[in-house]
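Here is a quick tour of one model, starting at the ligand and working outward. Have the structure open and follow along.

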Amino acid sequence: MREKLEQIKNEALDQLSNIESLAVLDEVRVKYLGKKGELTAVLRGMKDLSKEERPVIGQMANEVRVKIESMLEEAKESLGSALREKQLKEEVIDVTMPAKKKVLGHRHPMNVVLDEIQNIFLGMGYTIVEGPEVEQSYYNFEALNVPENHPAKDEQDTFYLGGDYLLRTQTSPVQVRTMEKSKPPIRVLAPGRVFRSDEVDATHSPVFHQIEGLVVDKNITMSDLKGALAVFAKELYGENAKVKFRPHHFPFTEPSAEMDVSCVYCEGEGCRICKNTGWIEILGCGMVHPRVLEMCGIDPNEYSGFAFGMGLERITMLKYGINDLRLFFENDMRFLDQF
Ligand code: DAH
């Protein structure tokens with residue numbers, strides 16, 4: 001029995017001295033210390049020993065067990081740091097690349113939906129453009145037909161930065177910047193971050209995202225607007241999605257409307273999400289106001305256009321059944337890992 005113990009100790013030490021993976025480590029543990037392990041077998045056999053021999057062998061077996069355990073612990077530690085070093089050496093992260101599922105294991109749900117929406121409009125011939133988040137009051141309000149002292153300005157109260165600068169309250173100023181720069185035909189989609197001095201709650205945030213669309217050409221009519229947005233809704237929510245336009249008011253469009261899509265959850269039957277109406281409002285839209293075209297140097301007698309704007313948070317919440325907007329900004333991995 002002494003020889004057997006000696007042999008177990010030497011063999012185990014031998015195997016643990018050049019170990020390469022945690023799996024092998026576990027094999028060694030099971031082989032010697034497991035229920036059916038070799039050391040366990042020796043301990044079981046002790047009942048056949050004489051009274052004198054039993055404590056001596058028992059102590060020896062105990063020493064061997066302690067030795068193997070501490071060797072296992074050491075091997076595990078050095079293996080761990082070797083693996084970490086290897087990973088660090090091999091890991092190359094290009095910080096200029098967008099987050100890929102492969103690298104981080106998830107993508108932000110709003111990026112997933114933004115990509116989807118962009119692809120739908122790219123397919124319809126739109127170009128993606130961007131505008132500044134720190135914007136001039138002129139582009140955010142006046143050029144969009146909101147006069148200097150108009151009460152509509154209050155509704156979109158924002159963060160004023162001094163001088164003529166503010167944080168844009170909407171992506172609509174990108175319409176103006178686009179029309180100033182380029183002549184029709186124009187077909188652009190402008191996603192971006194916007195700001196309002198709102199309190200944070202389940203459906204409000206002082207920082208959120210919009211996606212703006214603008215089409216300007218000869219003979220653009222309300223039916224072009226309705227056609228384009230109905231196709232968009234079907235592509236985003238499926239073939240059965242219906243749309244409905246309700247008259248509304250926006251200063252930079254005339255006529256203006258809000259578009260509802262048939263509830264994606266109950267398909268129009270009426271449920272909690274659509275507040276039993278069967279419809280969900282997803283965007284604002286309208287025909288570009290002739291005065292806006294004029295201010296941008298486009299002749300309203302020659303050209304017409306339509307525009308629309310939607311909230312990305314809202315659309316993402318509807319798409320995934322998310323009921324609290326704060327989840328988007330909290331960076332809780334338990335939430336983000338689901339996408
Ligand atoms: N800018 C509007 C808002 O923030 C949304 C909007 C409505 C944009 C109608 C548009 C539009 O382009 O035509 O409430």
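## Around the ligand

Let's start with the ligand, keeping in mind that this is a predicted model. The shell around the ligand holds 16 residues, and those that come nearest are Q170, S172, R196, Q210 and E212. Sorted by character, the shell splits into 9 polar, 5 nonpolar and 2 charged residues.

Now for some polar atoms. The side chain of Q170 puts an N or O atom 2.7 Å from a nitrogen of the ligand, and the side chain of S172 has an N or O atom 3.0 Å from a ligand nitrogen. F308 takes part through its backbone: one of its polar backbone atoms sits 3.3 Å from an oxygen of the ligand. How much of the ligand does the protein bury? On its own the ligand would expose 360 Å², and 90% of that is buried by the protein. Which elements give two or more residues to the shell? They are three strands: β6 (207-217), β9 (279-288) and β10 (304-311).

## Salt bridges

Next, the charged pairs. Searching the whole structure turns up 12 salt bridges. One that is worth a look joins E116 and K319, with their closest N and O atoms 2.8 Å apart. E116 belongs to helix α6 (residues 109-123) and K319 to helix α12 (residues 312-320), so this pair ties together parts that lie 203 residues apart in sequence. Are the two partners buried or exposed? Neither word quite fits: E116 is partly exposed, at 26% relative accessible area, and K319 is partly exposed too, at 28%.

Another pair is D115 with R107, whose side chains meet at 3.2 Å, N to O. D115 has 32% relative accessibility, so it counts as partly exposed. R107 has 22%, and the cut-off for buried is under 20%, so R107 also counts as partly exposed.

Then there is D332 with R334, a salt bridge at 2.7 Å from N to O. Here the partners fall into separate classes: D332 is partly exposed at 27% relative accessible area, whereas R334 reaches 68% and counts as exposed. Finally, some salt bridges join up into a network, and the residues linked in that one are R246, E258 and D260.

## A nonpolar patch on the surface

Which residues form a nonpolar patch on the surface? They are V134, L161 and Y165, and together they have about 270 Å² of accessible area.

Y165 is easy to place, as it is in strand β4 (residues 165-167). With a relative accessible area of 41%, Y165 is partly exposed.

## A buried valine in a loop

Last stop: V146, which you'll find in the loop between α7 (137-140) and α8 (152-155). Is V146 buried or exposed? Its relative accessibility is 4%, so V146 counts as buried.

One more distance is worth checking on screen. V146 and Q59 are 87 residues apart along the chain, and their C-alpha atoms are separated by 91 Å.

Conventions: Residues numbered from 1 in each chain as written. Predicted model: local features only at pLDDT ≥ 70, side-chain atom pairs only at ≥ 80, totals over all residues. Heavy atoms only, no water. Salt bridge = Lys/Arg side-chain N within 4 Å of Asp/Glu carboxyl O. Buried < 20%, exposed > 50% of the residue type's maximum accessible area, 1.4 Å probe, protein only. Helix = DSSP H or I, 4+ residues; strand = E, 2+ residues; numbered from the N terminus. Near = heavy atom within 4 Å. Polar contact = N/O pair within 3.5 Å; in protein donor to acceptor, adjacent residues only side chain to side chain. Areas by Shrake-Rupley, 256 points an atom, 1.4 Å probe, with all protein chains shown as cover. Nonpolar A, V, L, I, M, F, W, Y, C, P; charged D, E, K, R; others polar. Patch = residues over 30% accessible without salt bridge, like charges linked within 9 Å, V, L, I, M, F, W, Y side chains within 5 Å.
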